[in-house]
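Trainee: I should like to request a close look at one part, namely the surroundings of the ligand. Please treat the contacts first and the wider setting afterwards.

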Amino acid sequence: MAAPPATASAPSWCPRAAARRVPGAPVAPAPHPGGPRRGGDRFLGVRAKAVSGLQSGAVVDDGVQRPWKLSDARLVLEDGSVWKAKSFGASGTQVGEVVFNTSLTGYQEILTDPSYAGQFVLMTNPHIGNTGVNPDDEESNQCFLAGLIIRNLSICTSNWRCTETLEEYLMKRNIMGIYDVDTRAITRRLREDGSLIGVLSTDQSQTDDELLEMAKNWKIIGVDLISGVTCDAPYEWSDKTDSEWEFKKGQSTESFHVVAYDFGIKHNILRRLTSYGCKITVVPANWPASEVLNLKPDGVFFSNGPGDPAAVPYAVKTVQEIIGKVPVFGICMGHQLIGQALGGKTFKMKFGHHGGNHPVCDLRSGRVDISAQNHNYAVDPESLPEGVKVTHINLNDNSCAGLQYPKMKLLSLQYHPESSPGPHDSDLAFGEFIELMKNNEL
Ligand SMILES: NC(=O)CC[C@H](N)C(=O)O
């Protein structure tokens, strides 16, 4: 991360602001952006009433409210296990698939990645919330995930870009979160038994058995989740990566018109394509292929997106109608749709790949990148027709991580070259797509 620009003034509650105080100026107590600091108040029991986050589960004994909070939420997994936790963010009852993410940072990008629709994200990093939330790190305009599961909610927020605490952010967006739960034990269970459906509830009137029944009756396989996250109408995108964050050397001189299918597209994919010289028209998931081809684009991009790639035959058909006619590039769901459009099959992995530390090998060069990943399904390479080359594999389990079909000017990656969050090693993949469009003799 680059250093803050010299002009940025640190918020008054930031320790750096205190260090810059004019000598002799009166010292005011630093307010936390979301009210009193969670930890400060937890330990100063006398001010407990002012701490909104601690009140709902606080102990009331003989009419006296104690400052601490008891577990007020339950996560019931479909294997029958019940995990007591403390809630933050929204309250209520929510069902979804539980997946674990091994990224150390980037929880805001994860929260706003539409590919997490229908899933609870459990962060294996035990300390979450310390950098708060800011307006620039949104990967879409909404949080589509079912909820957030963390070990420890940071007692304070300190970052020069922060405008809001994680707790306030989740509350405003009506997203449930829990903390003080054994995330290590749940992760080990998911690794051993595979992803599990869970129900998260703050509703004390429902029994564990009722919540378990709900988890058992809910399905994510075979469900079209793309239609719930795609845009309503086409739009143009022209924002590049901000110059202060840009690490790619040299300006792109050429310009390519790319139509991007929005199956749940992340903003940083659009920014990276624009930084590489693309002018982008984003279209909804069900936009007819014929209308896209009528625009005579230089290339078509198929985005990431949530859920089971085998549950969206309409999208596979669209991809089928486009490949071979213009150069195409697909990421994650886009890659899985391309795999199917070529005649291949996808399958559900045991617990998927979610994190910013997955080693991927480019089999063409032997180069290994550390990559950002977020998927539960994969393309079965055995099911692909001859001529389609597996270009990348995930070195953790040798699963297919990239495809190329030179005859059709087609490239796809199962992981996230745009990162957000994650390492930037694979950014050059966007350059490969540009090369395909430059040398287009389809
Ligand atoms: N990030 C994505 O596009 C995810 C693709 C798909 N929903 C999966 O889980 O495999």
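Mentor: In this predicted model, a polar backbone atom of Asn374 lies 2.9 Å from a nitrogen atom of the ligand. An oxygen atom of the ligand is likewise placed 2.9 Å from a backbone atom, here an N or O atom of Tyr377. A side chain is also involved: a polar side-chain atom of His416 is 3.5 Å from a nitrogen atom of the ligand. The ligand has 300 Å² of accessible area on its own, and the protein covers 98% of that area.

The cavity search can be set beside this coverage. The largest cavity of the model is the space that the ligand takes up. Two elements, α11 (333-341) and β18 (368-380), give two or more residues to the shell around the ligand. Of the elements, β18 gives the most, with four residues.

The composition of the shell may be of interest for the treatment of electrostatics. There are 13 residues around the ligand, and those that come nearest are Gly305, Gly307, Cys332, Asn374 and Asn376. By class, the shell holds nine polar residues, four nonpolar residues and no charged residue. Asn374 thus appears twice in this account, once among the residues that come nearest and once through its polar backbone atom at 2.9 Å from a ligand nitrogen.

Beyond the ligand, some further features deserve a record. Over the whole structure, a search finds eight aromatic pairs. One of the aromatic pairs is that of Phe100 and Phe351, whose ring centres are 5.5 Å apart and whose planes stand at 35°, so that the geometry counts as tilted, planes under 30 degrees being stacked and those over 60 edge-to-face. This pair connects distant parts of the chain, since Phe100 belongs to strand β5 (residues 93-101) and Phe351 to strand β17 (residues 345-362), with their positions 251 residues apart.

Two points of backbone geometry complete the description. The peptide bond between Ser420 and Pro421 is cis, with omega at about 0°. Pro421 itself is in the loop that runs between β21 (410-413) and α12 (428-438). Lys296, which is not a glycine, nevertheless has a positive phi of about 50°. The position of Lys296 is also in a loop, the one between α9 (289-294) and β15 (299-302).

Conventions
Residues numbered from 1 in each chain as written. Predicted model: local features only at pLDDT ≥ 70, side-chain atom pairs only at ≥ 80, totals over all residues. Heavy atoms only, no water. Near = heavy atom within 4 Å. Polar contact = N/O pair within 3.5 Å; in protein donor to acceptor, adjacent residues only side chain to side chain. Areas by Shrake-Rupley, 256 points an atom, 1.4 Å probe, with all protein chains shown as cover. 1 Å grid on protein atoms, 1.4 Å probe; cavity = no way out; pocket = protein on both sides within 12 Å on 5 of 7 lines; lining within 4 Å. Sits in = over half its atoms within 2 Å of the grid points. Nonpolar A, V, L, I, M, F, W, Y, C, P; charged D, E, K, R; others polar. Phe/Tyr/Trp six-rings, centres within 6.5 Å; stacked < 30°, edge-to-face > 60°.
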